[in-house]
Amino acid sequence: RPRRDLTRIFLPHLVASMEQVDQTYIMIKPDGVQRGLVGEIISRFEKKGFLLKGLKLFECTKELAEEHYKDLREKPFFPKLIDYITSGPVVCMAWEGVGVVASARKLIGATNPLQAEPGTIRGDLAIQTGRNVVHGSDSPENGLREIELWFKEGELCQWTQVQVPWLRE
Ligand code: ADP
């Protein structure tokens, strides 16, 4: 009896399960809120097709800002960075999707807005590193860590976009 080609049966599932769904923490910084860029920035991620899981306008404490940026604690600009992030409300977002962490970093652009490509958020909307309007997690691990840090239980929603069949084949 000929052996069944198991790869034909199992590979599609394997490939599908290897497409890891990531989460990223995106934050519109106080300058983005003050400059009226909230709708514009959210809209870029929305139009791309990622799934919005959490969203809030929020005034963060110094402690939370310091925990969020703890890897930069030794940098000379750290105190200024904490003053900046706590200078007004921020918009906190959790986005989900395959490759969302890396893709969001591309949509956001380089840390220094003068080096960020036109078409990116920072490239289009900002001119200085110290006022670069938006944050995006730099790895899937940090995406999870930061979402846990900025959102409480019950603040994230499980839902399915009606557009899914038009985003993924
Ligand atoms: P990114 O936000 O692009 O991941 P980093 O993790 O290197 O960049 O830095 C975090 C944030 O710290 C930057 O987005 C920016 O707001 C601020 N920052 C970084 N470098 C400087 C600098 N040289 N001067 C002032 N602020 C800085």
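Tyr and Leu count as nonpolar here, Lys and Arg as charged, and Thr and Asn as polar. With that sorting in hand, the shell of residues around the ligand in this predicted model splits into five nonpolar, three polar and three charged.

So who is in that shell? Going along the chain, the residues around the ligand start with Lys 29, followed by Tyr 69, Leu 72, Phe 77, Leu 81 and Tyr 84. Then come Arg 105, Thr 111, Arg 122, Thr 129 and Asn 132. The nonpolar group includes Phe 77, while Arg 122 belongs with the charged ones.

Some of these residues reach the ligand through polar atoms. Lys 29 has a side-chain N or O atom 2.9 Å from an oxygen atom of the ligand. For Arg 105, the distance between a polar side-chain atom and a ligand oxygen is 2.8 Å. Asn 132 also puts an N or O atom of its side chain 2.8 Å from an oxygen atom of the ligand. As for how much of the ligand gets covered, on its own it has 540 Å² of accessible area, and the protein hides 73% of that.

Where does the ligand sit? Its place is the largest pocket. This pocket holds about 630 Å³ of space, and 25 residues line it. Nearest the centre of the pocket are Tyr 69, Leu 72, Phe 77, Leu 81 and Thr 111, and these five names also turn up in the list of residues around the ligand. Three elements give two or more residues each to the lining: helix H5 (78-85), strand E4 (134-136) and helix H8 (140-150). By class, the lining of the largest pocket comes out as five nonpolar, 10 polar and 10 charged residues.

Next up is the second largest pocket, with a volume of about 340 Å³. Its lining is made of 14 residues, and the ones closest to the centre are Gly 49, Glu 96, Gly 97, Gln 161 and Arg 168. Which elements supply at least two residues of this lining? They are strand E3 (90-98) and helix H9 (164-167). Strand E3 gives the most, with three residues. Sorted by class, the lining of the second largest pocket has seven nonpolar, four polar and three charged residues.

Note on methods:
Residues numbered from 1 in each chain as written. Predicted model: local features only at pLDDT ≥ 70, side-chain atom pairs only at ≥ 80, totals over all residues. Heavy atoms only, no water. Near = heavy atom within 4 Å. Polar contact = N/O pair within 3.5 Å; in protein donor to acceptor, adjacent residues only side chain to side chain. Areas by Shrake-Rupley, 256 points an atom, 1.4 Å probe, with all protein chains shown as cover. 1 Å grid on protein atoms, 1.4 Å probe; cavity = no way out; pocket = protein on both sides within 12 Å on 5 of 7 lines; lining within 4 Å. Sits in = over half its atoms within 2 Å of the grid points. Points joined across faces, edges and corners; volume = space filled by probe spheres on them. Helix = DSSP H or I, 4+ residues; strand = E, 2+ residues; numbered from the N terminus.
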